[in-house]
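Subject: Structure handover

Hello,

Here is the structure I said I would pass on to you. My notes on what was found in it follow below.

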Amino acid sequence: MKNDLLEVLVEISEKMNSIFDVNDLLPSIISIAREYLGVKRSSLMLINGHRLSISAHSGFEIDPGNIEIALGEGIAGRVAETGVETVVNLSEESREEMGYRASSFMSVPVRTNNKVIGVLNLTDKEHDYFTEDDVRIARYIASQCALGIERFNLMKDMRKSENLRVIGMLNSSIAHDIKNLLNIVQSYLELIDITELDGEVADYIESIHSEVKRIHGLTLDLLDFSRQKVSINLVRFRVSDLFKDLAKQFRVLTRDTKVTVEFINEADPELWLDREKIFRMLFNLIGNAVDVLAEKGTVRVSAAVTDCFCEFNIYDNGKGIPQDMINKIFDPFFTSGKIKGTGLGLAIVKMIVEAHSGFICVDSKPGEYTVFKVRVPLRYEPT
């Protein structure tokens, strides 16, 4: 049994970013779950029509390939039907589950897009009851199984579109970003109780939250791109509040460099837009500028009101963009040779701006500067 939770979380993260065939990935995750949680058997059952069948398993003495359970039947069937996790410790109710005797049983729903697609089952905890910590870890493992399945289905849909080249680029670029970030984030957030912290620990927590923002943004970028549609959820907010949140994030991301991120807000307009997506749009543009500068330079972000529009300018004094690349930078998966990045950032930026009936352009002089100009209405009017 593995004792180091951090080691286990990192191992699962590495599996997620090195194995892209769901038929190889899911058994690996299920085996890790069995070993860490100290159970005799672990299995992943997926819904097929009105029944559950085993997709991956570990520790079975019999071949579980033909085992099926109707939705609503037994513990696993009820969890699949209701979406409510169940833990049974030393109860007769669990003794005949799935064709074998078990003294304890945990079943956790596996969801994608808020829909239950299956269940994660863990049986016979060694020398102990299932604890709340066990349940939290099981939820995390179930979410990773769901993510692996969702990614596999996305790639399968893309293969149907005969876009194999894009699939390869997507695999490598997403794996690079998410591997670097998940190793930091998913290992700690469940472990740290944020109470009164000294300055150094508070800085660590701040770093974790910054990385969470980046992961969240990458995930949403991928979902928006796969749907080729950006939904707009309107709220009122001030540019000053938006800049405050952005400044907080980039203080953390640039603190070990000589990069300065400045914010200039001339009129502090009130906007009636999708705040989360405007934040993501600016975060991507500022993040790109910071990446280009590497260890030293200035990023200047300004907001001004022109007629009924808010105009954002994101300037950096980096290496600039060659003229032959200017017309390609908003193309999906175009990275202009960057080591980091998915190549989706600017494509998503453009989608967000255009979804708000806005406009984006770029001006750059190689070796001197780049400035992105974004114009969005002060108030979005759905068409």
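In strand 9 (residues 270-273) the side chains alternate between two faces. Leu271 and Leu273 point to one face and are buried, while Glu270 and Trp272 point to the other and are not buried. Please keep in mind that this is a predicted model. Strand 9 runs antiparallel to strand 7 (residues 235-238), and 4 bridges join the two. Within this pairing, Phe237 stands opposite Leu271 of strand 9.

Two charged side chains sit over rings in this region. The charged end of Arg236 is placed over the ring of Trp272, 4.4 Å from its centre. Arg275 lies over the face of Phe237, with 5.9 Å to the ring centre.

Next, the aromatic pairs. The whole structure contains 6 of them. In one of these, the ring centres of Phe243 and Phe312 are 6.2 Å apart and the planes make 55°, so the pair is tilted. Phe243 belongs to helix 7 (residues 239-253) and Phe312 to strand 11 (residues 309-316), so the pair ties together parts that are 69 residues apart in sequence. Phe243 and Phe312 are both buried. Another pair is formed by Phe279 and Phe283, whose ring centres are 5.8 Å apart with planes at 25°, so this pair is stacked. Phe279 and Phe283 both lie in helix 8 (residues 275-293), 4 residues apart, which is about one turn of the helix. Phe279 counts as buried because its relative accessibility is 9%, and Phe283 counts as buried at 10%. Ring pairs also link Phe243, Phe263 and Phe312 into a cluster.

Strand 11 is part of an open sheet of 5 strands, in the order 8-10-11-13-12, with mixed pairing. Strand 8 (258-265) and strand 12 (359-365) stand at the edges with a single partner strand each, so one side of each is left without a neighbour in the sheet. From one strand to the next, the twist averages 15°. Strand 11 and strand 13 (residues 369-377) run antiparallel and are joined by 8 bridges. Phe309 has Pro377 of strand 13 as its bridge partner. Helix 7 packs on this sheet, where it touches strand 8, strand 10 (296-306) and strand 11. The direction of helix 7 makes about 175° with that of strand 8.

There is also an open sheet of 6 strands, with the order 3-2-1-6-5-4 and antiparallel pairing. Its edges are strand 3 (68-70) and strand 4 (86-89), each with a single partner strand, so one side of each has no neighbour in the sheet. The twist here averages 25° from one strand to the next. Strand 2 (residues 51-58) pairs with strand 3 in the antiparallel sense over 3 bridges, and the bridge partner of Leu52 in strand 3 is Ile69.

Two helices lie across strands of this sheet. Helix 2 lies across strand 1 (39-48), strand 2 and strand 6 (115-125), running at about 145° to strand 1. Helix 3 (residues 74-82) lies across strands including strand 5 (104-112), to which it runs at about 25°.

Last, a helix pair. Helix 1 (residues 5-18) packs with helix 2 (residues 22-37) at an angle of about 175°, and their axes are 10 Å apart. The two helices are therefore roughly antiparallel to each other. Among the residues that make the contact are Leu5, Val8 and Ile12 of helix 1 and Leu25, Ile29 and Tyr36 of helix 2.

Regards

Definitions and conventions
Residues numbered from 1 in each chain as written. Predicted model: local features only at pLDDT ≥ 70, side-chain atom pairs only at ≥ 80, totals over all residues. Heavy atoms only, no water. Phe/Tyr/Trp six-rings, centres within 6.5 Å; stacked < 30°, edge-to-face > 60°. Buried < 20%, exposed > 50% of the residue type's maximum accessible area, 1.4 Å probe, protein only. Lys NZ or Arg CZ within 6 Å of the ring centre and 35° of its normal. Pairing = 2+ DSSP bridges. Axes fitted to C-alpha atoms, helices over the stretch in contact; angles between N-to-C directions. Contact = heavy atoms within 4.5 Å. Parallel < 35°, antiparallel > 145°, perpendicular 65-115°, else oblique.
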